[in-house]
Amino acid sequence: ENEEKNLFTNAKRHYDDSDYEKAIKVLQKYIAFEDKKEGLINGLRLIAKSYEELEDYTNAVRFYDEVIKLDPTNDFYFSHKGYCLKQDQKYSKAEEAFRKAVDLNPKNIWAYMHFGDILKDQEKYTEAIEIINEGIEKNPSQPKNTTSLFWLHQNKGHIYFDLNRWEEAI
């Protein structure tokens, strides 16, 4: 058990030092020995995040899927899976992941931001405005979310601008 803990600690240090390839190698050893669910979740999550940092979104999604099998109620995994799918231009799957993230946690403003953005990029303006409004309604101004709320309002304004709906853009 000590060896496993040391492996995770070393992997986390590599991750924190932005040495993601090394973190992945150590974490793969760690999850091969780890038999506790919580340990597996932590190892798989950090592998997924490492691949995401490396912009290897296909592998990141693969590991987010693995961690979701073990912990299907954590919105973080779904929102980051959605982000990776968005980066790989797998829009319908990204939409599904973002929807699941905000359903699990309506306070996940980061997921709303990217969900609205992906809809806007596909010119699904009505849906984008609906999602952005949902995010604003479910996240009244909270000091820690001020920047994110600003982004939601700004993005909604850009959509209205693109639609030549000037009054609503302001």
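This passage looks at the pairing of two helices and at two glutamates in a predicted model.

Helices α2 and α3 make a good starting point. Their axes approach to within 9 Å and cross at roughly 155 degrees. Angles over 145 degrees count as roughly antiparallel, and α2 and α3 are therefore roughly antiparallel to each other. The crossing of the pair is left-handed. On the α2 side, the contact is made by Tyr20, Ala23, Ile24, Leu27, Gln28, Tyr30 and Ile31. Helix α3 contributes Gly39, Leu40, Gly43, Leu44, Leu46, Ile47, Ser50, Tyr51 and Glu53. Sorted by class, the residues of this contact comprise 11 nonpolar, four polar and one charged.

The loop that links these helices, between α2 (20-33) and α3 (37-53), holds Glu34. With a relative accessibility of 10%, Glu34 counts as buried, because the cut-off for buried is under 20%. The Glu34 side chain reaches the backbone nitrogen of Lys36 at 2.8 Å. Lys5 lies 29 residues away from Glu34 along the chain, and the C-alpha atoms of the two are separated by 9.2 Å.

A second glutamate, Glu134, belongs to helix α8, which spans residues 125-138. Glu134 has a relative accessible area of 18% and is buried, since that value falls under the 20% cut-off. Its side chain forms a polar contact of 2.8 Å with the side chain of Tyr112. Beyond the neighbours within four places in sequence, the residues in contact with Glu134 are Arg99, Val102 and Tyr112.

Notes
Residues numbered from 1 in each chain as written. Predicted model: local features only at pLDDT ≥ 70, side-chain atom pairs only at ≥ 80, totals over all residues. Heavy atoms only, no water. Helix = DSSP H or I, 4+ residues; strand = E, 2+ residues; numbered from the N terminus. Buried < 20%, exposed > 50% of the residue type's maximum accessible area, 1.4 Å probe, protein only. Polar contact = N/O pair within 3.5 Å; in protein donor to acceptor, adjacent residues only side chain to side chain. Contact = heavy atoms within 4.5 Å. Axes fitted to C-alpha atoms, helices over the stretch in contact; angles between N-to-C directions. Parallel < 35°, antiparallel > 145°, perpendicular 65-115°, else oblique. Left-handed = near helix turned anticlockwise from the far one by under 90°. Nonpolar A, V, L, I, M, F, W, Y, C, P; charged D, E, K, R; others polar.
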